[in-house]
Amino acid sequence: MKNVFLNLRWGVLGILVSLASCVSDDLADVGDLEDFTGPTPFYSFTDISTSEFDCNDIELSANYEVNFQAGSNLAVNGTQYLWSVEPGEGITLIHKDLPILRQLIEAELATVVALEEEIAKLEFRIPCESDMDRVAVLEAEIAALEGQLASAEAAISEETRQNVADFESQIAALPAATLEDRELIFSFPGPGDYNVSLMVTDNLGKSETTLRTVTINQAVPTIPVPEIGEPSFEDNSLFDGTGDGRDSWRAPNNTDWSPLGGGTTVIQINSTSVEGRLPDGFQAAKFPADGARVAYQEIEVTPGAEYVLTYFSEFDDSSFGDITVSILNPDTAGYTESLLDENIVASRTDSNVGRVSDVFKQHAITFQSGENESVIIYVTNTGVESRLDSFAITVKQ
C-alpha cells in the first residue's frame, strides 16, 4: 500500500510539470497584466510680480510674473510636460534661471547695489516732500551716497568683474523658455483669472491633465511705514541731525493736554552711560510720579491700513502706578477728549505689578487707521515714576 501512494504522488507531480510546460506568454490573456496606471500631474506656483508706484500712488510699472513648477506622482515619473493657458493673448515665457542669474550678479555687486537702492529711495521721496528743509537734507544725503557709490564702483576687483561677465554670458546663452519646460515663468499681460493646464506624459506614453484657475491680482502700492520722530529719545536723532531726544514728543500746549490742567507737560529724559542698559541707545523718556508729564506725537498713516506699534516700559517699584499709551484720532483736542471712546483708536495700560525696577518689558498695540491720514501717539502715567524707550511701528500684512 505504501508503494501505491508513492507511485500516485510522483504521477501527479509529473502531470503538473507537463501542464506548466504548455503555458506560453505568447498566448492571448496569458502572462503579465497590462499596466493601467497613468501619471497624476500637479503643479505649484509662486507669485514673483513686481510693481512701482510714485509717491502719489500712481502706478509707474507692473510686471505680473508667476513661477510655475510641474510634477507628478512618485510612482510614475512624468517624462514630458505640456502647459497651456487660457486666455493666452499677451502672455510671454521667461526661462526659470534668468532671475537666479540676475540675483547672482547683484550678490557680486552687493555694495554697489545697496548704495544704488538707497539713492533711489531718497530720490523717490523728494518730489512729494513739501518741507524744503527736509528736501535739502535728502539732497545732501544723496550727494554723500553718490560719492560712496563712485568709490565702490572704482573698488570692484577684476575677479568680480569677470564673475559678472560670466553670469551675463550665461544669461545671453539661456535657451528660450517653452511650454514643454518642467519649470518656467509666465509673464501675464495684466490682472485677471487664467486657466492654466498641465499635461504630463509618462515613459509608457500615458497622459493625464490637470487644470486650475490662477488669479492674478491688481498691483497695489506698498503701504509706507510711518515715521516716528526720535523713537528712542536720543539726542541728535531728528532727520537733520539735531534734537534733544524729546522735541518730537512735545504737546501743542500745556493747558489742554496736561492731566493736571496746566504747568509744563514736556517729558523728562533719563540717561545712562552704560551700553545695553536701555533697550536702545543711552536715553529714555521719564515720566515723574505726579503724572504731570505727557508724550504727544502726531504721525502720518495710510487710510485703511493696519499697524503694530511697539515700545518698552519700566517702572519704579516704590508704590503702585501705571502708564497708558493711546492712539488717538487726529482731531482730539486735549487730555479730556483723549478719555472719550470716540477719540480712542487703540489704547494699552501697563502697571508695575509684578515688575522689577530697571528691567524694561516690550509691549505692542495693534490698530487700524480707518479713514485717518494721521493719528496721535499720546502717553500719560499715574502713581509712580515710569520710563518708555524704543518706539517702533510696522505695517501688519
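These exercises walk through salt bridges, a helix, a strand residue and a surface patch.

This is a predicted model, in which local features need pLDDT of at least 70 and side-chain atom pairs count only at pLDDT 80 or more, while totals for chains, interfaces and linings use all residues. Residues are numbered from 1 along each chain as its sequence is written, and side-chain values use heavy atoms, with hydrogens and water left out.

**Exercise 1. Find what the salt bridge between lysine 286 and glutamate 385 ties together.**

Step 1. Recall the term: a salt bridge is a side-chain nitrogen of Lys or Arg within 4 Å of a carboxyl oxygen of Asp or Glu. The structure holds 11 of them.

Step 2. Check the distance. The N to O distance between the side chains of lysine 286 and glutamate 385 is 3.8 Å.

Step 3. Place both residues. Helices (H or I, at least four residues) and strands (E, at least two) are DSSP runs, numbered from the N terminus. Lysine 286 sits in strand β10 (residues 283-287), and glutamate 385 in the loop between β16 (374-382) and β17 (386-395), so the bridge ties together parts 99 residues apart in sequence.

Step 4. Check the cover. Buried means under 20% relative accessible area, exposed over 50%, and partly exposed in between (1.4 Å probe, protein chains only). Glutamate 385 has 18% relative accessibility, so this residue counts as buried.

**Exercise 2. Describe the salt bridge between aspartate 316 and arginine 387.**

Step 1. Their side chains meet at 3.5 Å, N to O.

Step 2. Aspartate 316 is in the loop between β12 (306-315) and β13 (322-328), and arginine 387 is in strand β17, so this pair links parts 71 residues apart in sequence.

Step 3. Compare the partners. Arginine 387 is buried at 9% relative accessible area. Aspartate 316 is partly exposed at 21%.

**Exercise 3. Is aspartate 350 buried or exposed, and which residue does aspartate 350 bridge to?**

Step 1. Aspartate 350 pairs with arginine 348, with the closest N and O atoms 2.8 Å apart.

Step 2. Aspartate 350 is buried, at 11% relative accessibility. Arginine 348 is partly exposed, at 31%.

Step 3. Now look at shared partners. Salt bridges that share partners join Lys286, Glu314, Asp316, Glu385 and Arg387 into one network.

**Exercise 4. Test the length of helix α3, then find its buried residues.**

Step 1. The expected span of a helix is 1.5 Å times one less than its number of residues. Helix α3 (residues 110-125) has 16 residues, so it should span 22 Å; the end C-alpha atoms are 23 Å apart, which agrees.

Step 2. The buried residues in α3 are Val112, Val113, Leu115, Ile119 and Leu122.

Step 3. An α-helix has 3.6 residues a turn, so residues three or four places apart point the same way.

Step 4. The cover over the buried residues of α3 includes α2 (98-108) and α4.

**Exercise 5. Which residues is threonine 310 in contact with, leaving aside neighbours within four places in sequence?**

Step 1. Threonine 310 lies in strand β12. At 18% relative accessibility, threonine 310 is buried.

Step 2. Contact means heavy atoms within 4.5 Å. The partners of threonine 310 are Gln362, His363, Ala364, Ser390, Phe391 and Ala392.

**Exercise 6. Which residues form a nonpolar patch on the surface?**

Step 1. Patch residues have over 30% relative accessible area and no salt bridge; like charges are joined within 9 Å, and nonpolar side chains (Val, Leu, Ile, Met, Phe, Trp, Tyr) within 5 Å.

Step 2. Leu82, Leu93, Leu179 and Met199 form the patch, with about 270 Å² of accessible area together (Shrake-Rupley method, 1.4 Å probe, with only the protein chains shown counting as cover for residues).
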